[in-house]
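User: I am new to this structure and should like a close look at one part of it. Please choose a part, and set out what it pairs with and what lies around it.

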Amino acid sequence: MFGAALLAPSILSAQNFIQVESGSDPVTVPSIVKSLDTFSTFSFAYNPVTPNSICNREYGIDKMDAFSLAWNEATRITKFKPMYLGYGLGVQYSFDKDVFTKDYTGKDGSSFQNVKHEDYLRFITAKVPVELLFRIGIPNTNIAVVPFGGFDALLHVVGKKMLSVDLGPEYGSEFTNLFNQEEFPLPLRRFNVDWHIGMKLMFNRFLIGASYEAPIIPLYKGDDMKISSNQLNLSIGMAF
């Protein structure tokens with residue numbers, strides 16, 4: 001199915017080479033990491049987030065930017081195929097800023113034209129992924145292709161909204177805790193579950209990757225509406 005994924009790699013030396021059976025002749029290729037049984041990765045990712053249409057229609061949120069750091073471990077779970085069980089821990093910072101103007105008329109008839117508003121949205125989220133990976137070495141190169149897929153448990157540690165209105169220092173800013181129903185009307189879930197699928201390329205110890213992530217348990221689901229988001233993860237990192 002995955003071609004080279006069905007080949008059986010074995011340690012050739014204590015250095016950085018492995019032997020892969022390819023047809024009747026073994027092929028010697030550089031090993032990506034020290035061991036074929038386990039490997040670790042540390043990565044930094046840019047995560048453009050796309051909220052669903054209800055977020056856009058009801059709250060004017062059509063996109064968010066995000067950055068994340070993640071540490072992942074992968075342990076080989078089959079003897080004859082390079083299949084791994086992956087797990088790890090990550091943290092993601094998501095944010096959005098919307099600037100707009102609005103006109104006001106005071107009770108005394110005074111008029112305020114083009115009053116500047118700045119609307120900020122912030123999330124800090126802990127993520128625990130569990131996934132299956134194949135590490136497919138390309139013969140006679142130091143490159144490996146790593147397709148993967150799995151699930152993420154998400155815990156939203158912080159979810160805040162801030163509105164700043166430029167009407168003078170006496171007005172200040174308004175802060176809203178999105179997970180406090182006394183401040184925000186919808187009972188948002190701090191705990192969510194997503195699924196993801198993606199691919200990594202490993203060059204010696206360096207890696208680049210891309211994956212797509214979508215919700216299973218969304219941020220909010222009511223009788224007539226759901227608040228959720230999809231995101232693309234573009235990562236760079238190192239393998240150990």
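Analyst: Strand 4 (residues 38-46) and strand 6 run antiparallel and are joined by 9 bridges; two strands count as paired if DSSP finds at least two bridges between them. Within this pairing, Thr38 has Thr75 of strand 6 as its bridge partner. Strand 6 is the part examined here.

This is a predicted model, in which local features need pLDDT of at least 70 and side-chain atom pairs count only at pLDDT 80 or more, while totals for chains, interfaces and linings use all residues. Residues are numbered from 1 along each chain as its sequence is written, and side-chain values use heavy atoms, with hydrogens and water left out.

Strand 6 covers residues 65-76 and has two faces. The covered face consists of Ala66, Ser68, Ala70, Asn72, Ala74 and Arg76. On the uncovered face are Asp65, Phe67, Leu69, Trp71, Glu73 and Thr75. Thr75, the bridge partner of Thr38, therefore belongs to the uncovered face.

Two aromatic residues of the uncovered face, Phe67 and Trp71, take part in ring pairs. Rings of Phe, Tyr and Trp (its six-membered ring) pair if their centres lie within 6.5 Å; planes under 30 degrees apart count as stacked, over 60 as edge-to-face and the rest as tilted. The structure holds 9 such aromatic pairs. In one of them, the ring centres of Phe67 and Phe95 lie 6.2 Å apart with the planes at 15°, so the pair is stacked. Because Phe67 lies in strand 6 and Phe95 in strand 7 (residues 83-105), this pair ties together parts that are 28 residues apart in sequence. Phe67 is partly exposed, with a relative accessible area of 34%, and Phe95 is partly exposed as well, at 23%. Here buried means under 20% relative accessible area, exposed over 50%, and partly exposed in between (1.4 Å probe, protein chains only).

Trp71 has its own partner: its ring centre lies 5.8 Å from that of Phe240, with the planes at 25°, so this pair is also stacked. Since Trp71 is in strand 6 and Phe240 in the segment after strand 16 (229-239), the pair ties together parts that are 169 residues apart in sequence. Trp71 is partly exposed, with a relative accessible area of 38%, and Phe240 is likewise partly exposed, with 42%.

Phe67 also belongs to a wider group. Ring pairs link it with Phe44, Tyr46, Tyr93 and Phe95 into a cluster. Phe44 and Tyr46 fall within strand 4, residues 38-46, the strand that is bridged to strand 6.

The whole chain gives the setting. It contains 1 helix and 16 strands; helices (H or I, at least four residues) and strands (E, at least two) are DSSP runs, numbered from the N terminus. Of its 240 residues, 40% are buried. Among contacts (heavy atoms within 4.5 Å) between residues at least 6 apart in sequence, 61% join residues at least 24 apart.

Finally, confidence: pLDDT is the predictor's confidence in each residue, from 0 to 100. The chain averages 79, and 71% of the residues score at least 70. Over residues 1-35, pLDDT stays under 50, although the model has 77 contacts there beyond four places in sequence. Where pLDDT is low, the predicted coordinates should not be read in detail.
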